[in-house]
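Colleague: I have a new model open and I'm not sure how to read it. Could you walk me through it, feature by feature?

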Amino acid sequence: MLGKSLLTGMAVTLRELFRKNVTEEYPEVQPELGDRFRGGRLDLVVSKCIACGLCMNNCPNGSIKLKTVKDENNKRQLDSYIHNTGLCLFCNLCVEVCPTKCLVWSKEFAYAGYSRDALVFDCMALDRERIHREEQSQTTEEKG
Amino acid sequence: MQTQTFELNMGPQHPATHGVLRVVLELDGEIVVKATPVIGYLHRGIEKICENRTYVQSIPFTDRMDYLSGMNNNLAICQTIEKLMALEIPERAEYIRVITAELNRIASHMITIGVLALDLGGWTGMVYCFRDRERILDLFNSLCGARMTFNYIRVGGVGWDLPEGWLDECRRFLKDLPEMLKTYEDLISGNEILQMRLKGVAPLSAERAIAMSASGAVLRASGVDYDVRKANPYGIYDRFDFEVPLGTSGDNWDRFYLRYLEIIQSARIIEQALEQIPEGPVMAKVPKMIKPPVGEVYHHVENPRGDLGFYLVSDGSPKPYRWHARRPAMINLQLLDELSRGTFIADVVATLGTLDPVLGEVDC
Amino acid sequence: MNTNQDILLTIAATLRSFLDPLLGNPDVVDVTMYGVALAAILGIIFGNAVILVWAERKVAGYMQSRPGPNRVGPIGLLQTVADTIKLITKEDIRPKGVDRWVWFLAPVVLFVPTLAAYAVFPFSEGLIAVDLNIGLFYFLAVASTVTIPFLMAGWSSNNKYSLIGGMRSVAQMVSYEIPLVFSLIGVVMLVGSLKMSSIVEAQSGIWFIFLQPVAFLIYVIAATAETNRTPFDLVEGESEIVAGPMTEYSGMKWSLFFLAEYANLFAVSAIATTVFLGGWQPPPMPAVMRDAVAFIPGWIWFAAKTYFMIFLFMWFRWTFPRFRVDQLMSFGWKVLLPLALANILVTGVGIYAYRIAIGG
């Protein structure tokens, strides 16, 4: 009969009107991304890196640029490590291929900037900052 | 009275063109005389990109073709490469592949149903479909850390084993699925206005569907029983008991409702797979650098949008000599002009919705 | 008359007694009072638009399992204010090739009949700007001119989407005007008057929705079409013709369209309340309870019923998909119009039979 299905539809929306909504109120409630989440920039642990360049070679889109130098023992050392998240596909191939597991995702998802430069991260500088922060917190703990 | 047709540019920025499709409509009042889809606004040259990448590196690019069904694309390219290498896949990985691919099919069809409701003016239906699809995306996120661009199915297996409790979560989703479908039935597909809008509009005969090389729900709506999962079973699809829903007249309603029925069948496949899934490894022994033997291979799978095929030519080097995709959305979209002629502007939107192109795949 | 005087009427009487010695001439006082009424109506329209925009978004939100606006002000109440400020500060773009004056006038002209229609709404007993003896007729006559500004906007925008929308609006509104009028005729036949206050007073025994259920149904459907709301929002037809006649408008001009849409929504709901739902009178109930609720002024009942009707229209909008243009026309001419005519016939026969029964 004409109209019956319209009433069923209206019943559906009316029922929903009194149900709890499913929205996550974002800035207050942060989403649960899980430990496998791939996103943000690459956090590089410089001390573990052997500068093999596999991550750069495995990147499908050329988002990782690393330069190496030879030190006095003719061993390769990391000179610079740039992760351009604007080019990154977040495919995880670099993390998987790393022989020393020194790459992890920072799991950030809100790092929009005003220019493309804001998407380019110098992972070595970030690592130095992280170490510096850790040292500082350690000293404050010791003092405390 | 002398009248004159006029041209109307629908898109590339238009609320109902599913991305950046431009349709040049020649109109006689509200009636369509000719509809020319203009494609290419999202062209990234993925085929050429992938010919300059190693085999493994091309997998993430397939995620970005039909971005609503990344798992099925991953599955297609990986099985093509495996066919080229003659690689055996562990049992557990095969089952995980089936589960994820079918879940992705459900997610993709939910979007098709919801977006069609939106194109016909029913906002709320779209929101419900997206809300329920979120459950699947959450499952995928806990599985591989991405919601749409998975890169989960890999050459030789899958990227990660299932996390703890994932199967229970999946079962819980399947338990809630009938209620979701009931909601869609009540609000969207059962609605008389919507049925009036879709039934008998833009019919496609079986002969024309075959002649235009249509596939997927568009072909089956015309009554042609062709589903790659049945016709040419890949992976372990021959182990499952499921039906291929068929339409009769091939009109917009058949194309729309078929997707609804396919969700039910996909849920059946997942249920069986969840029961049968064995323990074991999820990754076969694959060399670090994949160098398939010289040769060519074509492999196709049933993507939510149709028959997705990959054609690879290997010259023995780490990179494919030729990397070609048969994109079902692209081929189905060619029917738009034929189906739209003589219908109203509002029907063009509906026809576009039931043909269900994803512009990432059309333009590739 | 009513023992406990309505507070709004008291204010009006006080104002009048204050103005009387000040202005002297009773005609001047009358004109001033009309000015006050006009200001009050403008206040109602703007206040309502603010509430209705917020309410629509809230209703839509809750129906779609999301909270709706909830950031600006308590439970998002100031959202409309923020939106209005945004719209005022937006650039007023005038595309190339528009018919300048027609394009500029369309949103303004649209607002005028809407405003004029409010003059005859009986918000409560005695609380009516002008109680015309042809009140209902006046409303229908004024409201039917709403078509013209839509066509003006569609024609002058120099945009094909707008033109299609303008043409659709003419086709749709003209076809649905007729069942709308015919659905009201049944009630007019029962009352024997077009005066708004007498229509309401005639319902002191029983509301006309119970005597004229078919007419009410036809009215609700036709009114949805008149206000361009889903399932009859072909004029805007977002997924087909972008925004119809409003496609090229921006900033305050666009918001005038928006304001008029909500003012129209309130207007058709108020007419439904007046004609079918007993206007300012409380719902039918036993005498004991009637005394208990006697302290509630009539305009509260009126507002409650009107808002219920508005909720109904919102409910439609967030549930149904849209008709196609040919289906819309055939539904209007082939279903609604015969039904409305049949309703008039049945009403006429019923009244005749009733008279014979009374007389015999």
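**Reading the contacts and the chains**

Modeller: Let's begin with a contact between two chains: chain A and chain C bury about 1300 Å² between them, and carbon and sulfur atoms give 67% of that area. Keep in mind that this is a predicted model.

Colleague: Why do people quote an area at all?

Modeller: The size of an interface is often given as the accessible area lost when the parts come together. You can also count residues: here 13 residues come from chain A and 14 residues from chain C. On the chain A side, Met10(A), Thr13(A) and Leu17(A) supply 41% of the area buried against chain C, more than any other three residues.

Colleague: And how many salt bridges are there between chain A and chain C?

Modeller: First the general idea: side chains of opposite charge can pair when their charged atoms come close. The count between chain A and chain C is two salt bridges. Take a look at Glu28(A) and Arg71(C), whose side chains meet in a salt bridge at 3.1 Å, N to O. Polar contacts are counted separately, and between these chains there are seven residue pairs, both residues at pLDDT 80 or more. By class, the side of chain A that touches chain C divides into six nonpolar, four polar and three charged residues.

Colleague: Let's do the other interface of chain C. How many residues of chain C are in contact with chain B?

Modeller: 24 residues of chain C touch 33 residues of chain B. The two chains bury about 2500 Å² between them, with 60% of it on carbon and sulfur atoms. Ser239(C), Pro321(C) and Arg324(C) supply 23% of the area that chain C buries against chain B, which is more than any other three residues.

Colleague: Which residue of chain B meets Arg324(C) in a salt bridge?

Modeller: That's Asp347(B), with the side chains meeting at 3.0 Å, N to O. The rule finds two salt bridges across this interface, and it also finds 11 residue pairs in polar contact, both at pLDDT 80 or more. The elements of chain C that give two or more residues to this side are helix H7 (160-191), helix H11 (238-241) and helix H15 (325-359). Sorted by class, the chain C side has 11 nonpolar, six polar and seven charged residues.

Colleague: Can a salt bridge also sit inside one chain? I'd like a case to look up.

Modeller: Try Glu108(A), which forms a salt bridge with Arg41(A), the closest N and O atoms being 2.7 Å apart. Glu108(A) lies in the loop between strand E4 (103-105) and strand E5 (120-122) of chain A, and Arg41(A) in the loop between helix H1 (4-17) and strand E1 (42-44), so the pair ties together parts that are 67 residues apart in sequence. Over all chains, the count comes to 47 salt bridges.

Colleague: Now the chains themselves. What should I look at?

Modeller: Start with the elements, then check how spread out the chain is. Chain A has four helices and five strands, and from the N terminus on they run α-β-α-β-β-α-β-β-α. The radius of gyration of chain A is 24 Å, well over the 15 Å that the globule rule gives for 144 residues, so chain A is more spread out than a compact globule. Its C-alpha trace spans about 90 × 45 × 30 Å along the principal axes.

Colleague: How many helices and strands are there in chain B?

Modeller: Chain B has 15 helices and eight strands. Its radius of gyration is 20 Å, close to the 21 Å from the globule rule for 364 residues, so chain B is as compact as a globular protein of that length.

Colleague: And chain C?

Modeller: Chain C has 15 helices and zero strands. Its radius of gyration, 22 Å, is close to the 21 Å that the globule rule gives for 360 residues, so chain C too is as compact as a globular protein of that length. An unreviewed UniProt entry places the feature "transmembrane region" at several spans of chain C, including residues 206-225 and 292-315.

Colleague: How do I check those spans against the model?

Modeller: Look at the helix content and the distance between the ends. Residues 206-225 of chain C are 85% helix and 0% strand, with end C-alpha atoms 28 Å apart. For residues 292-315 of chain C, the values are 79% helix, 0% strand and 32 Å.

Methods. Residues numbered from 1 in each chain as written. Chains lettered and ligands numbered in written order. Predicted model: local features only at pLDDT ≥ 70, side-chain atom pairs only at ≥ 80, totals over all residues. Heavy atoms only, no water. Contact = heavy atoms within 4.5 Å. Buried area = accessible area lost by both parts, 1.4 Å probe. Salt bridge = Lys/Arg side-chain N within 4 Å of Asp/Glu carboxyl O. Polar contact = N/O pair within 3.5 Å; in protein donor to acceptor, adjacent residues only side chain to side chain. Nonpolar A, V, L, I, M, F, W, Y, C, P; charged D, E, K, R; others polar. UniProt positions renumbered as here; feature names shortened; annotations may be inferred. Rg over C-alpha atoms; globule rule 2.2 N^0.38 Å.
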